[in-house]
Amino acid sequence: MPPPFGPPIGLHLTRTAKSVGRAFDEALAAAGGSLPVWLILISLKTRQLGNQRELAEAVGIQGATLTHHLNAMESTGLLTRRRDPANRRAHMVEFTQEGEALFHRLREAAMAFDRQLRSGLEQEDVAAFERVLATLARNVQNG
């Protein structure tokens with residue numbers, strides 16, 4: 001295989017991902033949230049999650065990290081937690097009205113950000129991009 005003519009693709013991907021990630025964080029912050037809060041809210045909204053353990057798995061974080069975020073979200077009135085009557089060791093997590101309102105603001109911010117990212121791209125471009133990302137992920141998994 002010939003040497004690359006530019007920077008390694010992984011470096012280019014990493015730099016772009018960091019730039020896009022920072023911009024997305026800023027968009028969520030402007031709407032009153034953060035990426036962890038958005039991930040928790042959207043997971044609660046779109047999945048039937050029975051307890052905090054399932055929520056941590058859905059968000060992709062450790063239970064202790066989730067507990068930290070949930071404590072902060074509960075103290076600011078975004079959600080409530082109560083013991084699961086069927087399993088007293090488990091907590092059920094539910095939105096408050098404030099949490100529901102923040103979910104909608106963050107959803108609008110996320111959708112606007114997605115429209116910004118897609119600007120100037122045709123559907124075929126997006127499909128090709130998604131195929132390339134899937135190939136990169138497979139290449140990493142296959143070593």
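Trainee: Why is the contact between the side chains of Glu-94 and Arg-82 called a salt bridge?

Mentor: Nitrogen and oxygen of the two side chains are 3.1 Å apart; a salt bridge requires a side-chain nitrogen of Lys or Arg within 4 Å of a carboxyl oxygen of Asp or Glu, so the pair qualifies. Glu-94 belongs to strand β2 (residues 87-95) and Arg-82 to strand β1 (residues 79-84), so that distant parts of the chain, 12 residues apart, are linked. Strands and helices are DSSP runs, numbered from the N terminus (helices H or I with at least four residues, strands E with at least two).

Trainee: On what basis are such statements made?

Mentor: The model is predicted, so local features need pLDDT of at least 70 and side-chain atom pairs count only at pLDDT 80 or more, while totals for chains, interfaces and linings use all residues. Residues are numbered from 1 along each chain as its sequence is written, and side-chain values use heavy atoms, without hydrogens and water.

Trainee: What makes Glu-94 count as buried, partly exposed or exposed?

Mentor: Its relative accessibility is 35%. Buried means under 20% relative accessible area, exposed means over 50%, and partly exposed lies in between (1.4 Å probe, protein chains only). Glu-94 is therefore partly exposed, and Arg-82, at 38%, is partly exposed as well.

Trainee: How many salt bridges does the rule give?

Mentor: The count is five. Another of them joins Glu-74 and Arg-81, with 2.8 Å from N to O. Here Glu-74 is partly exposed at 31%, whereas Arg-81 is buried because its value is 18%.

Trainee: What separates Arg-118 and Asp-114 in helix α5?

Mentor: They are four residues apart, which means about one helical turn. Their side chains form a salt bridge at 2.6 Å, N to O. Arg-118, with 35%, and Asp-114, with 31%, are both partly exposed. Opposite charges can pair in side chains when the charged atoms come close.

Trainee: How many aromatic pairs does the structure hold?

Mentor: There are three. In one of them, the ring centres of Phe-24 and Phe-113 are 5.1 Å apart, with 45° between the planes.

Trainee: Why is the pair of Phe-24 and Phe-113 called stacked, tilted or edge-to-face?

Mentor: Rings of Phe, Tyr and Trp (its six-membered ring) pair if their centres lie within 6.5 Å; planes under 30 degrees apart count as stacked, over 60 as edge-to-face, and the rest as tilted. The angle of 45° therefore makes this pair tilted. Phe-24 is in helix α1 and Phe-113 in helix α5 (residues 97-118), so parts 89 residues apart in sequence are tied together. Both residues are buried. Phe-95 and Phe-103 make a tilted pair too, at 6.1 Å between centres and 40° between planes. Phe-103 is buried, at 5%, and ring pairs connect Trp-38, Phe-95 and Phe-103 into a cluster.

Trainee: What makes Leu-13, Phe-129 and Leu-133 a nonpolar surface patch?

Mentor: Patches take residues with over 30% relative accessible area and no salt bridge (like charges joined within 9 Å; nonpolar side chains, namely Val, Leu, Ile, Met, Phe, Trp and Tyr, within 5 Å). Leu-13, in helix α1 (residues 9-30), has 38% and is partly exposed. The three residues make a patch of about 260 Å², with areas from the Shrake-Rupley method.

Trainee: Which residues are the closest to the centre of the largest pocket?

Mentor: The largest pocket has a volume of about 520 Å³. Of its 15 lining residues, Thr-16, Val-20, Leu-117, Phe-129 and Leu-133 are the closest to the centre. Elements α1, α5 and α6 (123-141) each give two or more lining residues, and the largest share, six residues, is that of α1. On a 1 Å grid over the protein atoms alone, a pocket is an open set of points where a 1.4 Å probe fits, with protein on both sides within 12 Å along at least five of seven lines; lining residues have an atom within 4 Å of a point.

Trainee: How do you know that Gly-33 is buried?

Mentor: Its relative accessible area is 16%, and the residue therefore counts as buried. Gly-33 sits in the loop between α1 and α2 (35-46). Its C-alpha is 7.5 Å from that of Leu-102, at a sequence separation of 69 residues.

Notes
Accessible areas come from the Shrake-Rupley method with a 1.4 Å probe; for residues, only the protein chains shown count as cover. Grid points are joined across faces, edges and corners, and a volume is the space filled by probe spheres set on the points.
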